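Dear colleague,

I am handing over to you the structure below, together with a summary of what was found in it. Please read the notes with the structure open beside them.

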Amino acid sequence: MEQFQIETAQNISIDQNTAHLGDRMLAYIIDSLVILIYTVLVVILLVSLDVDFVDMWALYLLLNLPAFLYYLLLETFMDGKTIGKSMMYIRVVKIDGSKPSFASYFIRWILRIVDVVLTSGGLAVLTILVRGKGQRIGDMAAGTTVISEKKRISLKDTLLRELPEDYAPKFPQVTIFMDAEMQTIKELYDSSKRKGDHQVILSLSDRIKRVTDIVTDLKPIDFVDVVIKDYNYYTQQP
């Protein structure tokens with residue numbers, strides 16, 4: 001799993017983890033099974049109908065349209081996810097931090113013919129491994145990648161933050177918060193940073209400044225991080 005940094009329109013730098021190749025392959029297998037099951041059910045339905053060959057073929061093309069447009073439809077209406085991606089906790093995002101548009105999903109979908117269908121996924125695997133940002137050809141053309149939303153359990157998932165011995169706090173005002181309040185701030189911050197939701201981070205920053213009367217030139221993402229560390233510093237003191 002590789003990490004890359006995106007710079008949003010609000011000049012907020014956010015670290016993202018690209019989806020592991022194994023997770024993407026498992027998601028592809030799951031989605032392929034979903035499409036296969038749907039197609040089989042369509043065939044069973046058509047066979048059970050008393051229609052001639054021409055009508056049956058026309059109905060097959062019509063009823064199988066959702067399977068043909070599967071990736072385009074689900075990624076568009078499920079915020080960059082398919083059934084397989086949802087199960088593997090991965091999704092499509094824009095490299096620049098903006099929300100993928102229908103055009104982005106369409107480009108990924110149409111170029112799937114080149115790097116997935118025609119090469120049995122070989123070209124997609126090669127470009128993902130070589131590119132460094134988890135991008136296949138469709139992603140490079142659309143300016144997207146696939147990130148992992150899996151939560152990695154570590155010390156950072158608790159209220160505590162690991163601080164260097166010479167850590168120097170900046171904002172003593174943070175001691176006005178209660179543990180439960182800071183835990184909520186930390187959970188929202190970590191979740192928003194992981195998902196690239198800079199609006200939540202901006203709201204957190206503004207709220208903290210209003211409550212504490214802190215004035216700073218730090219970027220919102222850096223400011224909230226310092227607030228969490230400072231709170232840990234002061235509350236860990238004997």
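Leaving aside its neighbours within four places in sequence, L21 is in contact with V125, I128 and L129. Please bear in mind that the model is a predicted one. L21 itself is found in helix α1. The C-alpha atom of L21 is separated by 7.9 Å from that of G134, although the two positions lie 113 residues apart along the chain as a sequence separation.

The second largest pocket

The helix that holds L21, α1, also has a part in a pocket: six residues of α1 form the largest share of the lining of the second largest pocket. This pocket contains about 330 Å³ of space. Its lining consists of 19 residues, of which R24, M25, Y28, V116 and A124 are the closest to the centre. Two or more lining residues are given by each of the elements α1 (21-48), α6 and α7 (122-131). Sorted by class, the lining has 11 nonpolar, six charged and two polar residues.

Helices α6 and α7

How do two of these pocket-lining helices, α6 and α7, lie against each other? Their axes come within 5 Å and cross at roughly 90°, and α6 is therefore roughly perpendicular to α7. On the α6 side the contact involves V114, D115 and V116, which meet G122, L123 and A124 of α7. Four of the residues in this contact are nonpolar, one is polar and one is charged. V116 and A124, which take part in this contact, are also among the residues closest to the centre of the second largest pocket.

Helices α4 and α6

Helix α6 (residues 102-117) also packs with helix α4 (residues 70-77), at an angle of about 155° and with the two axes 9 Å apart. Angles over 145 degrees count as roughly antiparallel, and α4 and α6 are therefore roughly antiparallel to each other. The crossing of α4 past α6 is right-handed. From α4, the residues Y71, L72, E75 and T76 meet F102, Y105, F106, R108, W109 and R112 of α6. By class, six residues of this contact are nonpolar, three are charged and one is polar.

Helices α10 and α11

A further helix pair is formed by α10 (residues 198-212) and α11 (residues 220-236), which pack at an angle of about 55° with their axes 9 Å apart. The two helices are therefore oblique to each other. Their crossing is left-handed. The contact is made by I201, L202, L204, S205, I208 and K209 of α10, together with P220, I221, F223, V224 and V227 of α11. Nine of these contact residues are nonpolar, while one is polar and one is charged.

When you go through the model, I suggest taking the sections in the order given here.

With kind regards

Key
Residues numbered from 1 in each chain as written. Predicted model: local features only at pLDDT ≥ 70, side-chain atom pairs only at ≥ 80, totals over all residues. Heavy atoms only, no water. Axes fitted to C-alpha atoms, helices over the stretch in contact; angles between N-to-C directions. Helix = DSSP H or I, 4+ residues; strand = E, 2+ residues; numbered from the N terminus. Parallel < 35°, antiparallel > 145°, perpendicular 65-115°, else oblique. Left-handed = near helix turned anticlockwise from the far one by under 90°. Contact = heavy atoms within 4.5 Å. Nonpolar A, V, L, I, M, F, W, Y, C, P; charged D, E, K, R; others polar. 1 Å grid on protein atoms, 1.4 Å probe; cavity = no way out; pocket = protein on both sides within 12 Å on 5 of 7 lines; lining within 4 Å. Points joined across faces, edges and corners; volume = space filled by probe spheres on them.
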